[in-house]
Amino acid sequence: MDHLSIGQKASRSLKITESHVKTFAELSGDYTPLHFDEQFVKKTKFGKLVAQGGLTTGLLHALVAMDMPGPGTVFLSQNWKFTAPVFIGDTITAEAEIISLHQSKPVVQLAIVIKRQNGETVLKGEAWCYTFSP
């Protein structure tokens, strides 16, 4: 935890593909027509196929586990909201910023934001993480 400081940031990007959506559905069972039925989704406010929210938040899992705080990190809690859909073909970028560090435990509070390639925010909030020493 000595390598972490308040204000430190990390980011990670992913282009969402049809394959991601299909694989996530196979893993989770989420086959809602919003993800697969173009005729159905054209009748909604989205207008085109959207990715599962789990794909969006999954990018955050990779960010905290691999980038910052880093290997051995797990979420303790999350408080975020989806502010816009993520469409198949979007490139999303998750960014986390350390906003507090616990004085006696390997616990970090992060401000979280995910944006699509045009800069629109699709998710925002905060999370608490715990890091086990490798």
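**Exercise 1.** Which residue's side chain is joined to the side chain of threonine 93 by a polar contact, and at what distance? Place threonine 93 in its surroundings as well.

*Solution.* The model is a predicted one.

Step 1. The side chain of threonine 93 makes a polar contact of 2.6 Å with the side chain of serine 13.

Step 2. Assign the secondary structure: threonine 93 belongs to strand 3, which covers residues 91–101.

Step 3. List the contacts of threonine 93, setting aside neighbours within four places in sequence. They are Ser11, Arg12, Ser13, Leu59, Val113, Ile114 and Lys115. Serine 13, the polar partner from Step 1, is thus one of the residues in this list.

**Exercise 2.** Is threonine 93 buried, partly exposed or exposed? State also how far threonine 93 is from serine 133 in space.

*Solution.*

Step 1. Take the relative accessibility of threonine 93, which is 28%.

Step 2. Compare with the cut-offs: buried means under 20%, exposed means over 50%, and partly exposed is in between. Threonine 93 therefore counts as partly exposed, because its value is 28%.

Step 3. For the distance, use the C-alpha atoms: threonine 93 and serine 133 are 27 Å apart in space, with a sequence separation of 40 residues.

**Exercise 3.** Which residues touch the most other members of the largest nonpolar core? Trace the elements that supply this core.

*Solution.*

Step 1. The core has 27 residues, and Leu60, Leu110 and Ile112 touch the most other members.

Step 2. At least two core residues come from each of helix 4 (53–67), strand 2 (73–82), strand 3, strand 4 (107–116) and strand 5 (121–131).

Step 3. Helix 4 gives the largest share, 5 residues.

Step 4. Look at leucine 110 in detail. Beyond four places in sequence, leucine 110 touches residues including Val64, Met68, Ala96, Ile98, Ala127 and Cys129.

**Exercise 4.** How many helices and strands does the protein have, and what pattern do they follow along the sequence? Add the overall dimensions, burial, surface and charge placement.

*Solution.*

Step 1. The count is 4 helices and 5 strands, arranged as β-α-α-α-α-β-β-β-β.

Step 2. The C-alpha trace spans about 55 × 30 × 20 Å along its principal axes.

Step 3. Of the 134 residues, 34% are buried. The protein exposes about 7500 Å², of which carbon and sulfur atoms supply 53%.

Step 4. Among contacts between residues at least 6 apart in sequence, 65% join residues at least 24 apart.

Step 5. There are 13 positive and 12 negative charges, and their mean positions lie 5 Å apart.

Terms used:
Residues numbered from 1 in each chain as written. Predicted model: local features only at pLDDT ≥ 70, side-chain atom pairs only at ≥ 80, totals over all residues. Heavy atoms only, no water. Buried < 20%, exposed > 50% of the residue type's maximum accessible area, 1.4 Å probe, protein only. Contact = heavy atoms within 4.5 Å. Polar contact = N/O pair within 3.5 Å; in protein donor to acceptor, adjacent residues only side chain to side chain. Core = buried A, V, L, I, M, F, W, Y, C linked by side-chain atoms within 4.5 Å. Areas by Shrake-Rupley, 256 points an atom, 1.4 Å probe, with all protein chains shown as cover. Lys, Arg positive; Asp, Glu negative; His and termini not counted. Charge placed at Lys NZ, Arg CZ, Asp CG, Glu CD.
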